[in-house]
Amino acid sequence: MTSELIDFTLVSVALLGIGIYGLAVKRNFIRMLFAVEIIINAANLNIVAFGRFLPHSGGQTMALFSIAIAAAEVAVGLSLIIVAYRMYRNVDIADFRSLKG
Amino acid sequence: MADAVFLALAVITIGSAIAALELRSLIYGSIALMGTLGGVAGFFFLLDAPFVALFQIAVYVGSIAVLILFTVMLVKRELIFKKIEDKRRKFAGIGLMLIIMVSLGAVFLDSGIKTITTDEPAPDFRDIGIDFVTYYWPALILMGLILAGSVTGSLVLARREDVENDQRAN
């Protein structure tokens, strides 16, 4: 293994930055879900990298839990998108005004 | 130092993450998201975690990305190709991204994790299995319940009551 921990960490930081950019700039509900997925993957990559270099099996176990919970989150998020689209005929979050508190 | 495979995977992962957010068409965007998820699976292979990598391919590339693709197809055509974003916010977002990358990157580079190396063998799938059925078994059961609850919840959310009422009236 020639790559070091810092390499994986830097890739993870780059993915986190791109994900936060997507969440801040995009107003399309589906694109924001993409950004959340990218952030979750950055976190998983970090967990597995640190688990490999400790080395401890807890990192991989935690990453498996995280992937499963992310699957649940995407299922709920997509059904929310479908419901919101059915109500407003749009995916722009600025249009979902009745959700404003 | 990083080798060629690592560099290629990094370029694919980060490039397709940018493409997923910036491509005009949502369908191509979700295909680019598949590239990001597959690239992260490749990193898991490099980290000697083939079990997590295959789990990632099966769950993320196999089901989540396809689910997103089908949801995109339910949206009408003009919205798939329309970019919805603020121009002023875009520059602020790019600035925020650069600040996060530079500051977090500097913290990591300065934190001394550069010196961490290991020659020990990677934990294999037996260790993960032992973890799941011993220490983490309550969390495993809770995860199963959360998955069942979320799938049921999303089915209830996506149900169309108007169509059901029409069918009942007929």
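Reader: B:Leu79 lies in helix 4 of chain B; what makes this residue count as buried?

Author: In this predicted model, B:Leu79 has a relative accessibility of 5%. A residue is called buried when its relative accessible area is under 20%, and because 5% falls under that cut-off, B:Leu79 is classed as buried.

Reader: Which residues does B:Leu79 contact, once neighbours within four places in sequence are left aside?

Author: With those neighbours set aside, B:Leu79 is in contact with A:Tyr85, A:Arg89, A:Asn90 and A:Val91 of chain A, and with B:Leu26 of chain B. B:Leu26 is 53 residues away from B:Leu79 along the chain, and the separation between their C-alpha atoms is 8.7 Å.

Reader: Why is A:Asn44, in helix 2 of chain A, called buried?

Author: The relative accessible area of A:Asn44 is 0%, and since buried means under 20%, the label follows from the value. Not counting neighbours within four places in sequence, A:Asn44 contacts A:Ala63, A:Ser66 and A:Ile67 in chain A, as well as B:Phe44 and B:Tyr60 in chain B.

Reader: How do you know that A:Val11 is buried, and where does this residue lie?

Author: A:Val11 belongs to helix 1 of chain A, and its relative accessible area is 6%; as the limit for buried is under 20%, A:Val11 meets it. Beyond residues up to four places away in sequence, A:Val11 touches A:Leu45 together with B:Phe6, B:Ala10, B:Ile14 and B:Phe43. Between the C-alpha atoms of A:Val11 and A:Leu64, which are 53 residues apart along the chain, the separation is 20 Å.

Reader: What makes B:Glu22 and A:Lys26 a salt bridge?

Author: The closest N and O atoms of B:Glu22 and A:Lys26 are 3.3 Å apart, and the rule asks for a side-chain nitrogen of Lys or Arg within 4 Å of a carboxyl oxygen of Asp or Glu; the pair therefore qualifies. B:Glu22 sits in helix 1 of chain B while A:Lys26 sits in the loop between helix 1 and helix 2 of chain A, so this pair joins two chains. A:Lys26, with a relative accessible area of 3%, is buried. Salt bridges also link A:Lys26, B:Glu22 and B:Lys90 in a network.

Reader: How do you know that A:Arg52 and B:Asp48 form a salt bridge, and which label, buried or exposed, does A:Arg52 receive?

Author: For A:Arg52 and B:Asp48, the closest N and O atoms are 3.1 Å apart, which is a value within the 4 Å cut-off. The pair crosses between chains, with A:Arg52 in helix 2 of chain A and B:Asp48 in the loop between helix 2 and helix 3 of chain B. A:Arg52 is at 7% relative accessibility and so counts as buried, whereas B:Asp48, at 33%, is partly exposed, because that class spans the range between under 20% and over 50%.

Reader: Why is B:Arg126 called exposed?

Author: B:Arg126 has a relative accessible area of 55%, and exposed means over 50%, so the value places B:Arg126 in that class. B:Arg126 forms a salt bridge with B:Asp124, their closest N and O atoms being 3.0 Å apart, and B:Asp124 counts as partly exposed at 30% relative accessibility. By the rule used here, the count over all chains is five salt bridges.

Reader: Which residues touch the most other members of the largest nonpolar core?

Author: That core has 61 residues, and A:Phe8, A:Ile30, A:Phe34, B:Phe43 and B:Val52 touch the most other members. Helix 2 of chain A gives the most to this core, with eleven residues. The core also draws at least three residues from each of domain 1 (1–85) and domain 2 (124–170) of chain B, whose centres, taken over C-alpha atoms, are separated by 24 Å. A:Phe34 itself touches B:Ala20, B:Leu21, B:Leu26, B:Gly29, B:Ser30, B:Leu33 and B:Ile68, residues up to four places away in sequence not being counted.

Reader: What makes B:Trp137 partly exposed, and which residues make the nonpolar surface patch?

Author: B:Trp137, found in helix 7 of chain B, has a relative accessible area of 47%; this is neither under 20% nor over 50%, so B:Trp137 counts as partly exposed. The patch, of about 590 Å², is made by A:Ile69, B:Trp137, B:Ile141, B:Leu142, B:Leu145 and B:Ile146, and helix 7 (residues 137–158) of chain B supplies the largest share, five residues.

Conventions: Residues numbered from 1 in each chain as written. Chains lettered and ligands numbered in written order. Predicted model: local features only at pLDDT ≥ 70, side-chain atom pairs only at ≥ 80, totals over all residues. Heavy atoms only, no water. Patch = residues over 30% accessible without salt bridge, like charges linked within 9 Å, V, L, I, M, F, W, Y side chains within 5 Å. Areas by Shrake-Rupley, 256 points an atom, 1.4 Å probe, with all protein chains shown as cover. Helix = DSSP H or I, 4+ residues; strand = E, 2+ residues; numbered from the N terminus. Buried < 20%, exposed > 50% of the residue type's maximum accessible area, 1.4 Å probe, protein only. Core = buried A, V, L, I, M, F, W, Y, C linked by side-chain atoms within 4.5 Å. Domains from an automatic or database assignment. Contact = heavy atoms within 4.5 Å.
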